[in-house]
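Trainee: I've got this model open and I'd like to quiz you on its geometry. Shall we go through it piece by piece?

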Amino acid sequence: MGILDRFSKKKDATVADRARDADPVPDLPAAEAAAEPKSLFARFRQGLKKTSQLLNTDIRDLFKSEGQLVDDDFLRRLFALLIRTDMGTGPATEIRDEIQREFRGRVAVMEDVLDRVKARLLALMEQETRPIELVDKGPTVILVVGVNGSGKTTSIAKLTNLFTSQGKKVVLGAGDTFRAAAVEQLTVWAGRTGAEIIKGKQGADPASVAHRAVAHTLETSADVCILDTAGRLQTQKNLMDELAKIRRVIRNQIPDAPHEVILVLDATAGQNGLSQAKGFSEAVECTGVVLAKLDGTAKGGVVIPIRQQFKIPVKYVGVGEKVEDLALFAPQQFVEALFSDTPRGEEQKGNSHQK
Ligand SMILES: Nc1nc2c(ncn2[C@@H]2O[C@H](COP(=O)(O)OP(=O)(O)OP(=O)(O)O)[C@@H](O)[C@H]2O)c(=O)[nH]1
Ligand SMILES: [Mg+2]
């Protein structure tokens, strides 16, 4: 049975529909809107499993009894647990200070403190749900960039799956011409997700592959063209120039392309990966982030420094290695999932939420 056969149409259609929606904050029909948070919430729980386990064990320790005196020791421990999620000292200080202002010297219940923490986290993220929007006329061209091994090719497979499952025609450009294995990897994903793939010979100019992929997209009236690229560092000038060349070439074919330049970040690198990625993002004018491998780390708080340091939205998060393991980033559900393992959660029984 292929991955597409196993693909839950019902569950994923809601995510897919959002991706197609033209509004930055999609206006879903009531029934879908009701179903959407559930599906997304489950995905975030999957992706934030490690982070929320860490966070919630510590939180339970913080609130041993019904009420808890908010004193210096409490505030210090709250700060320490926030820091462990890799959200950074700035955001953790802001949250701690707010809790101090509101509750210091009083006996507080966990629910009230967590409500404050969540509200502040949401304010720190300061973004709405921002799916990749397909252009109204002609194909949408998406260029995918990032450092080595961040999850670019896998994220491309997931995005492709999102589009093909809605009946969109997708052409992939195998722009990572360095390694034969990279082309093979994308070819397998193209087969599984029902996309066409345009390849070049090993060592071929990635811009020529991009050109052919866009040309094929136009010739076949496909809806989406997604271009894979080799991993690179911002300091590798020739490789950064190569990205600029890809942009120039495809702009000659479609004047407003690429419509999206997606920066794929590796969540497991936590804050360490960010300073480099920031320069990268500015150099190639990225339009959005896919935060891959969220499931592989307890550093899920890294989404906050990403939001604070990058001027672009987090569009999706990767929550596993399968094509369906992609979640449209929705701050509210994300924050709820972070704390979903606390005793106040609805159906918590140990680790029963794990997939
Ligand atoms: N657990 C998990 N693993 C992921 C996720 N996304 C990617 N990976 C894994 O991360 C590894 C690298 O992913 P790739 O997609 O090959 O990364 P890349 O950026 O294309 O790598 P290069 O082309 O070598 O620069 C693979 O083993 C993927 O299966 C995710 O969301 N969760
Ligand atoms: Mg790759």
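Trainee: Where is Pro258 placed?

Mentor: This is a predicted model, so take everything here as computed. A cis peptide bond joins Ala257 and Pro258, with omega at about -5°. As for the place of Pro258, look between α11 (237–253) and β7 (260–266): it's in the loop there.

Trainee: Asp86 has a phi near 70°. Which loop is Asp86 found in?

Mentor: That phi is a positive value, and the residue is one other than glycine. Asp86 is found in the loop between α5 (72–84) and α6.

Trainee: Moving on to the helix after that loop. Are α6 and α7 parallel, perpendicular or oblique to each other?

Mentor: Helix α6 covers residues 89–103 and helix α7 covers 110–125, and their axes are 10 Å apart. They pack at an angle of about 140°. Roughly antiparallel would need an angle over 145 degrees, and roughly perpendicular runs from 65 to 115. Therefore α6 and α7 are oblique.

Trainee: What classes of residue make up the contact of α6 with α7?

Mentor: From α6 you have Pro91, Glu94, Ile95, Glu98, Ile99, Glu102 and Phe103, and they meet Val113, Arg116, Val117, Arg120 and Leu124 in α7. Glu and Arg count as charged, while Pro, Ile, Phe, Val and Leu count as nonpolar. By class, that gives 7 nonpolar, no polar and 5 charged residues.

Trainee: α7 also crosses α14. How do the residues of that contact divide by class?

Mentor: The axes of α7 and helix α14 (residues 331–338) come within 10 Å and cross at roughly 140°, which makes α7 oblique to α14. α7 gives Lys118, Leu121, Leu122 and Met125 to the contact, and α14 gives Pro331, Gln332 and Val335. The contact of α7 with α14 divides into 5 nonpolar, 1 polar and 1 charged.

Trainee: Now α8 and α9. Is α8 roughly parallel or roughly antiparallel to α9?

Mentor: The axes of helix α8 (residues 152–164) and helix α9 (residues 180–193) come within 10 Å and cross at roughly 20°. Angles under 35 degrees count as roughly parallel. So α8, relative to α9, is roughly parallel.

Trainee: And how many of the contact residues of α8 with α9 are charged?

Mentor: On the α8 side the contact is made by Thr153, Ala157, Thr160, Asn161 and Thr164, and on the α9 side by Ala182, Gln185, Leu186, Trp189 and Thr193. These divide into 4 nonpolar and 6 polar, and the number of charged residues is none: no charged.

Trainee: Let's look at ligand 1. Which helix gives the largest share of its shell?

Mentor: There are 21 residues around ligand 1, and Lys152, Thr153, Thr154, Gly231 and Gly318 come nearest. By class the shell has 4 nonpolar, 11 polar and 6 charged residues. The largest share, 3 residues, comes from α8.

Trainee: On to the sheet. Which strands are at its edges?

Mentor: The open sheet has 8 strands with mixed pairing, in the order β5-β4-β6-β3-β7-β8-β9-β10. An edge strand pairs on one side only, so the edge strands are β5 (196–198) and β10 (326–328).

Trainee: How much are neighbouring strands of this sheet turned against each other?

Mentor: The figure is an average, and direction is ignored. It comes out at 25°.

Trainee: Which residue in β6 stands opposite Ile142?

Mentor: Strand β3 (residues 140–145) runs parallel to strand β6 (residues 224–229), and 4 bridges join them. Opposite Ile142, in β6, stands Ile226.

Trainee: What angle does the direction of α10 make with that of β4?

Mentor: Helix α10 (residues 206–219) packs on the sheet and touches β3, β4 (170–175), β5 and β6. With the direction of β4, that of α10 makes about 170°.

Terms used:
Residues are numbered from 1 along each chain as its sequence is written. Chains are lettered from A and ligands numbered from 1 in the order in which they are written. This is a predicted model: local features need pLDDT of at least 70, side-chain atom pairs count only at pLDDT 80 or more; totals for chains, interfaces and linings use all residues. Axes are lines fitted to C-alpha atoms, for helices over the stretch in contact, and angles run from 0 to 180 degrees between N-to-C directions. Helices (H or I, at least four residues) and strands (E, at least two) are DSSP runs, numbered from the N terminus. Two residues are in contact if their C-beta atoms, placed from the backbone, lie within 7 Å. A residue is near a molecule or strand if its C-beta atom, placed from the backbone, lies within 6 Å of it. Two strands pair if DSSP finds at least two bridges between them.
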